[in-house]
Amino acid sequence: MTTRFYDGIDWPQAWYATVWPQAASLIVADDWRAHLNQRASQMQLRNHLGLPLQFIPQEELPESIAYEAHISASGKVPTRENLHDFFNALVWLTFPKIKRQLNALQSAQIATLGIGKSRGPARDAATIFDENAAILVVEDSEEGRSLLENLRQHQWQAAFVAQAALFGSKAEVWGFGHALMEKLVKPYKAITAHTWVVWADAAFFRQDWDARRAWLDNQIAEKLLTHDLTTADYTPLPVLGIPDWWPDQDTAFYADTSVFRAKRSK
């Protein structure tokens with residue numbers, strides 16, 4: 001049997017739970033790209049200009065056109081046969097409204113500023129979201145606010161050990177960035193996500209998986225319509241520190257200050 005570039009991914013790991021529902025059928029398809037386009041058609045996915053979304057070979061991207069601008073103008077997503085683009089496609093199928101809005105932001109910045117050595121702050125922030133974000137959903141309650149404050153202040157023992165029981169009941173982490181997912185194919189302790197925080201009421205955590213996914217897709221996409229995205233929007237999260245995301249999360253594990261760093265004083 002021919003080995004495929006996505007063989008060997010450890011799908012039961014918690015960090016792939018976000019995209020597994022879309023990946024499950026894709027990894028057994030005879031033609032993964034054709035399956036991507038079939039799913040996009042079934043879901044009636046569109047880009048921000050209303051054009052049908054398609055996943056095309058990278059070779060079809062004109063040399064003179066920027067990647068984000070091409071998606072915006074044509075609805076066609078250049079997709080290489082590698083893990084980076086594979087995860088990107090899965091995120092498009094999972095959070096299509098967020099991806100659509102990020103592409104709108106990126107392409108608007110390109111239209112305004114052009115392509116240069118520097119992306120500019122808004123496009124840089126959108127790219128960070130696209131590549132390395134994790135969505136941190138926190139219950140809007142005293143316990144939820146306490147957990148988030150401990151994470152923002154890098155009080156790792158308090159957040160990950162003392163408040164470990166809150167993960168799953170009053171807080172959830174959803175993978176989003178496709179570069180982040182690619183790194184986690186071969187996980188190492190220092191992998192750190194840029195978290196985007198979403199406040200939710202207690203009812204959110206009692207909904208089924210797809211209802212929670214759809215709510216997040218709507219909420220974040222709507223927020224991005226009016227929010228001036230900057231790199232200050234993110235807080236770092238060492239993802240293997242999330243309770244039950246890695247074995248042997250003992251005191252020594254969290255005492256590693258090369259990963260679980262103290263917050264810098266301003």
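A residue is called buried when its relative accessible area is under 20%, exposed when that area is over 50%, and partly exposed in between. This distinction is used throughout the description of the structure, which is a predicted model.

In this model, 4 strands form an open sheet in which the order is β4-β3-β5-β6 and the pairing is mixed. Because β4 (171–175) and β6 (235–238) stand at the edges and each has a single partner strand, one side of each is left without a neighbour in the sheet. On average, and with direction ignored, neighbouring strands of this sheet are turned by 40 degrees against each other. In general, the strands of a sheet pair through backbone hydrogen bonds, and this pairing may be either parallel or antiparallel. Strand β5 (residues 192–200) and β6 run antiparallel and are joined by 4 bridges; within β6, P236 is the bridge partner of H194. Helix α10 (residues 209–226) lies across β3 (133–139), β4 and β5, and its direction makes an angle of about 95 degrees with β5.

The structure holds 10 salt bridges, and some of them connect the elements just described. One of these is formed by the side chains of R212 and E172, with a distance of 3.2 Å from N to O. Since R212 lies in helix α10 and E172 in strand β4, this pair ties together parts that are 40 residues apart in sequence. With a relative accessibility of 13%, R212 counts as buried, and E172, at 12%, counts as buried as well.

A further salt bridge is found between E143 and K170, whose closest N and O atoms are 3.5 Å apart. Here E143 belongs to helix α7 (residues 142–152), while K170 is placed in the loop between α8 (156–162) and β4, so the pair ties together parts that are 27 residues apart in sequence. The relative accessible area of E143 is 40%, which makes this residue partly exposed. For K170 the relative accessibility is 21%, and because buried requires a value under 20%, K170 counts as partly exposed. Salt bridges that share partners also join E143 and K170 with E139 into one network. In another salt bridge, D140 is paired with R145, and the closest N and O atoms are 2.8 Å apart. Both ends of this pair can be placed in the middle class, as D140 is partly exposed with a relative accessible area of 48% and R145 is partly exposed at 43% relative accessibility.

The backbone was also examined for positive phi values. Most residues other than glycine have a negative phi. Against this background, Q44 has a positive phi of about 55 degrees although it is not a glycine. Q44 is located in the loop between α2 (32–42) and β1 (54–56), where the residue is exposed, with a relative accessible area of 60%. D248, which is likewise a residue other than glycine, has a positive phi near 55 degrees. The position of D248 is in the loop between β6 and α11 (251–254), and with a relative accessible area of 64% D248 is exposed. A positive phi, of about 80 degrees, is also taken by G75, which comes just after α3. In helix α3 itself (residues 67–74), the buried residues are E68, H70, I71 and S72.

Conventions
Residues numbered from 1 in each chain as written. Predicted model: local features only at pLDDT ≥ 70, side-chain atom pairs only at ≥ 80, totals over all residues. Heavy atoms only, no water. Pairing = 2+ DSSP bridges. Helix = DSSP H or I, 4+ residues; strand = E, 2+ residues; numbered from the N terminus. Axes fitted to C-alpha atoms, helices over the stretch in contact; angles between N-to-C directions. Contact = heavy atoms within 4.5 Å. Buried < 20%, exposed > 50% of the residue type's maximum accessible area, 1.4 Å probe, protein only. Salt bridge = Lys/Arg side-chain N within 4 Å of Asp/Glu carboxyl O.
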